[in-house]
Each structure stands twice: as structure tokens, then as C-alpha cells.
Amino acid sequence: MSTTPDLPILIAGGGIGGLAAAIGLAQKGLKSIVMERAAKLGEIGAGIQLGPNAFHAFDYLGVGDAAREIAVYIDNLRLMDAIDGTEITRIPLDDAFRARFKNPYAVIHRGDLHAVFLKACEAHPLVSLRTSAEVVDYEQDGTTVTATLKDGERVTGSLLIGADGLWSNVRKKVVGDGAPRVSGHTTYRSVIQTKDMPEDLRWNAATLWAGPKCHIVHYPLRGWELFNLVVTYHNDAPSPEAGVPVSHDEVRKGFEHVAPVAREIIERGESWKRWVLCDRDPVDNWIDGRVVLLGDAAHPTMQYFAQGACMAMEDAVALAHILGDGDDDTDIALKRYQDLRNLRTARVQLQSREIGQHIYHPGGAHAALRNTIMRAKSPTDWYDTVAWLYGSTGLEGAVGA
């Protein structure tokens, strides 16, 4: 099974993963059509964190300079105890960190990062972008794959990449594992002006306040114009939701037991929106003939590792690299991609759940044990712990420190 060079590669989904795949393929001389279900290309949400592995991906995909210009470079990752208000530990992101991992750690507005990829795609003649074009099905004949859109239109290409997110229509046919797993954890997001953040908490850090069955995260965005606020608590929500406006009282409800300093952060939030967190168990097959999955369509993860977008970009790097080689038949190339990415992303999926349980949300003796263990770690200890993740380029399938 070989590629059909005169046909484009079809990409279902115009989020960060889909656009990263398109620009990666374009740099290898491969044309693509990105088909996005929404009427306009864009991203909802607020801030995301970017480990050094994200910058490796930016550079490979040719958007490193543009991404660096709009990122905010923070000084530390700080872990605070939301019950007594004390610092548990911090990981310095200074010269020693950058020397170890060859790149910085930063935060960025999700919409701004999406815009970097969108601009690159719009400027490249090998990328075609379509909106109001939801891929709902596909069929293949051994040499081509044809995507069926919601309006009945059929689009034929040499491959189909399912980058259509948590509720991927492409995954339904490739894997067929039903609806995502609902975690019962609900996240509320707000973005506020920096002047509205308590002055003594305007830290140049990605800060996590960890409490029993709840946590608060905040960090600066857009050149310190804004602060991103993300708060989560366990409320046994029964069904998925995304971006639902909610009252301030609903957000407060999950944090009545935390220290006043942590509650004050929540009081500064405004225009809160609610997401019920979902993920899936890892699977070992993302391929159906000429169809392959990428990003959340392949390996949706909880937020606790702050690696969802980073993993999607690494996928794009790996897939573009392997398809761009042109040395393998398509079936061999897709299998190489899957083998390269499968265990690494599975570790992120599974460990994200464990981090939520053992670092973000424990209480009592469990939390005291966390504090004791984490306070004993030196910066070098922390760097060793995350080396498997942050030290990767996405091209070596790293799964262990």
C-alpha cells in the first residue's frame, strides 16, 4: 500500500493538532486539506502550559520564532498547600533547567497558539483550509480514502488523519470504543486583568494550589496583561460539558474548605465557564487502513500533566517526519508512527490520572505524605523526574526517565 502523490492528505479537525499536522506535512512537500466542523477556525479555552518538548515541536514545524514571541516565560512551577497556604515545593525554570532540556518552559493563550499555526497554514500553498466541514464517516478502496462530510459531500485523499478531538467521528470507526470516560471532576475557567489579581499573588509562575478533591491554578498571559485562572473540584458530574457559563456561587461551592488566601483567588474570577473532564483508556491501535488518529482523537488525557496540546504537536512532528521520509509503504509508515507514539502517550494518559489523585487532590495523611516527599526533592531531582517527558523531541518515543 503506497501513497497516491497527486491526492492530498485529508485532516479531520482544525484544532492545534490538525493544523500542526498540516504545516508539518507541508514542510515535507505533502499537500493536505484540513476540514473543520466549526464555521470559523479558532480555539476556545484560555491558557495552556508549554514544556520544553513543545518548543522542540515548534522548531521542527517551523513556527518556533512566532511561538516564542507571544509566550510568557515563567520563573517557577510552584506547588502550594491550599489548606494551610504554605509552599510545598517549587521547580526553578532558570538557566539550569533550560540547559538541561535545551528549551524553556512557558505559558500561552490557547487562541494565540492556534493563531500561530493558522497563520502558517494560511500562508502555505500546500495547505487548504475548510470550515463547516465535519467529517462524519469514511470509506476506502485500498489506494484512496474518501471522507463523507455532514452535508453529504465526499472528499477523496490518499490518507485521512483523524485529529477531530475527544468526540472524534473518525475514532468511532477506527476504534469504536463508545463515549469518553467521565471523570466526575469539573473545571471552571476564567481570565482576569492582571490588576484584578491580588497583588501579593502576581507571581511569575505556574502556580498550583492543591487541596482535598480540589485545586486552583493561575499564571500570567499575554505579556502580563491577563491572569489565567483554572479551578477544579470533584462533584461527580454525570455527563460531559464544555464551556457552559456558570454562576460565581457554583465555583465557590467546591472551595469552602481551603485557606482564605486560596479562596481570594476565586473571588477575583469573572465570567466563569464549566468543563466536565473526560478522557479515555489507552488503546494500542489507532489505524484502519489509510486512516490514522492524532492528538485527543487518539489519546485524550486529563489536564493534570498539562500535556494535551504538547502531545498533539509531538504526534504531528512524528507523523510528518515519517510520512515525509517517503521510504515506506503507507501501511508501514502509519505503523511506525503508531509504534513511536503509543506507549509515550499512554504513559501521559495514565499518569495524568495518578497525578490528579496523588498530587493535586489528596487530603489528610495522603496530603502530608505528598508534602514530605515533594519537599525533599532538589531541583536536580525534579529535572531527573521529568526528563523522559521534557527532554523528548517527539521522535524517539521516550517513556522512561
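This is a short walk through helix packing, cysteines and two unusual backbone angles in a predicted model.

Let us start with helix H1, which covers residues 16-27. Two packed helices are described by the angle between their axes and the distance between the axes, and H1 gives us two such pairs to look at. With helix H9 (residues 308-325), the axes come within 8 Å and cross at roughly 25°. Angles under 35 degrees count as roughly parallel, so H1 is roughly parallel to H9. Their crossing is right-handed. If you would like to display the contact, select Ile-16, Gly-17, Ala-20, Ala-21, Gly-24 and Leu-25 on the H1 side; their partners in H9 are Ala-312, Met-313, Ala-316, Ala-320 and Leu-323. Sorted by class, this contact holds nine nonpolar residues, two polar ones and no charged ones.

Now turn to helix H5, residues 110-123, whose axis comes within 9 Å of that of H1, with a crossing of roughly 30°. H1 and H5 are therefore roughly parallel to each other as well. Here the crossing is left-handed. From H1, the contact uses Ile-16, Leu-19, Ala-20, Ala-22 and Ile-23, while H5 brings Arg-110, Leu-113, His-114, Phe-117, Leu-118, Ala-120 and Cys-121. These residues divide into 10 nonpolar, one polar and one charged. Notice that Ile-16 and Ala-20 appear in the contact with H9 and in the contact with H5.

Next come the cysteines. How many disulfides does a search of the whole structure find? The count is zero. Why does Cys-214 not form one? A disulfide needs two cysteine sulfur atoms within 2.5 Å, but the closest cysteine sulfur to that of Cys-214 belongs to Cys-278 and is 20 Å away, too far for a bond. Seen from the other end, the sulfur of Cys-278 has Cys-214 as its closest cysteine partner, again at 20 Å and too far for a bond. Is Cys-214 buried or exposed? Cys-214 counts as buried, at 0% relative accessibility, and Cys-278 is buried too, with a relative accessible area of 9%.

Finally, have a look at the backbone in two loops. Trp-224 is not a glycine, yet its phi is positive, about 70°. You will find Trp-224 in the loop between strand S15 (214-221) and strand S16 (226-234), where this residue counts as partly exposed at 32% relative accessibility. Ala-306, also not a glycine, has a positive phi of about 55°. Ala-306 sits in the loop between strand S20 (291-293) and H9, the helix that we met as a partner of H1.

Terms used. Residues numbered from 1 in each chain as written. Predicted model: local features only at pLDDT ≥ 70, side-chain atom pairs only at ≥ 80, totals over all residues. Heavy atoms only, no water. Buried < 20%, exposed > 50% of the residue type's maximum accessible area, 1.4 Å probe, protein only. Axes fitted to C-alpha atoms, helices over the stretch in contact; angles between N-to-C directions. Helix = DSSP H or I, 4+ residues; strand = E, 2+ residues; numbered from the N terminus. Parallel < 35°, antiparallel > 145°, perpendicular 65-115°, else oblique. Left-handed = near helix turned anticlockwise from the far one by under 90°. Contact = heavy atoms within 4.5 Å. Nonpolar A, V, L, I, M, F, W, Y, C, P; charged D, E, K, R; others polar.
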